[in-house]
Amino acid sequence: MNSTPSLTQDELKTLVGQAALQYVVPGQIVGVGTGSTVNKFIDALATIKDQIPGAVSSSVASTERLRGHGIAVFDANEVGELAVYVDGADEIDPQGHMVKGGGAALTREKIVAAQSRCFVCIADESKWVPVLGTFPLPVEVIPMAAQRIARQFAALGGQAILRLKDGQPLVTDNGQHILDVTGLQITDPLAFESQINNWPGLVTVGVFAHQKAHVCLLGTAAGVKTVEF
Ligand code: 5RP
């Protein structure tokens, strides 16, 4: 690990975004996540775009950025299993379980992750936590189920609030709403994800345990640390 003292969080994101290029398989379509860290990866990917046919994207925002760089974007249904999916996280624990969805793209992120053999998580070290649950847990819901799902979280000790944008409920790329849930300690992420995903009207819970990371490239003051799970 090379020493990289006094880098800003933005510089750490650039570093891990560039480091993820080593996992891109020449000649193969790459799965691409969403967020400010992934944006750094997309910018780095542009430098080797002639080596890949293109990408499967997890959001409208990432699609626009990929296409802006001249990288072809394929529909997930047009392609088979992907070798690699690169995405950020809001939290990642020492087993590679994550909380995701801070950018409201969790459903498509989980779909592309499920279609990929290897999940490479790129994150600055502020995302590394011993137990998931400090970052408000994003949950995508069908709007008519929002209040009942909020009550179900309350019964577990959580407080769910509807995510707003410009004073109105945020509408996801899938036309649904997001609840952000605080007050949960997610000590068994696999069981938690399975339990919550069964609630009627709940589209996707932002715990990624069944689709956990295989590798995390963590941007630290001492450089990029590679953690394998
Ligand atoms: C978007 C996500 C992002 O990966 C997560 O929010 C991290 O974003 P950033 O890299 O901007 O910190 O899950 O839905």
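**Aromatic rings and their neighbours**

Me: What does it mean that both Tyr85 and Phe119 are called buried?

Reply: Both residues are buried in this predicted model, which means that each has under 20% relative accessible area, whereas exposed means over 50% and partly exposed in between (1.4 Å probe, protein chains only). Because the model is predicted, local features need pLDDT of at least 70 and side-chain atom pairs count only at pLDDT 80 or more, while totals for chains, interfaces and linings use all residues. Residues are numbered from 1 along each chain as its sequence is written, and side-chain values use heavy atoms, with hydrogens and water left out.

Me: How many aromatic pairs are there, and why is the one formed by Tyr85 and Phe119 called edge-to-face?

Reply: The count comes to three, where rings of Phe, Tyr and Trp (its six-membered ring) pair if their centres lie within 6.5 Å, with planes under 30 degrees apart counting as stacked, over 60 as edge-to-face and the rest as tilted. For Tyr85 and Phe119 the centres are 5.0 Å apart and the planes stand at 90°, so the pair is edge-to-face.

Me: Why is the pair of Trp128 and Phe229 called stacked?

Reply: The angle between their planes is 20°, at 6.5 Å centre to centre, so the pair meets the rule for stacked.

Me: How do you know that Trp128 and Phe229 are partly exposed?

Reply: Trp128 has 29% relative accessibility and Phe229 has a relative accessible area of 28%, so both values fall in the partly exposed range.
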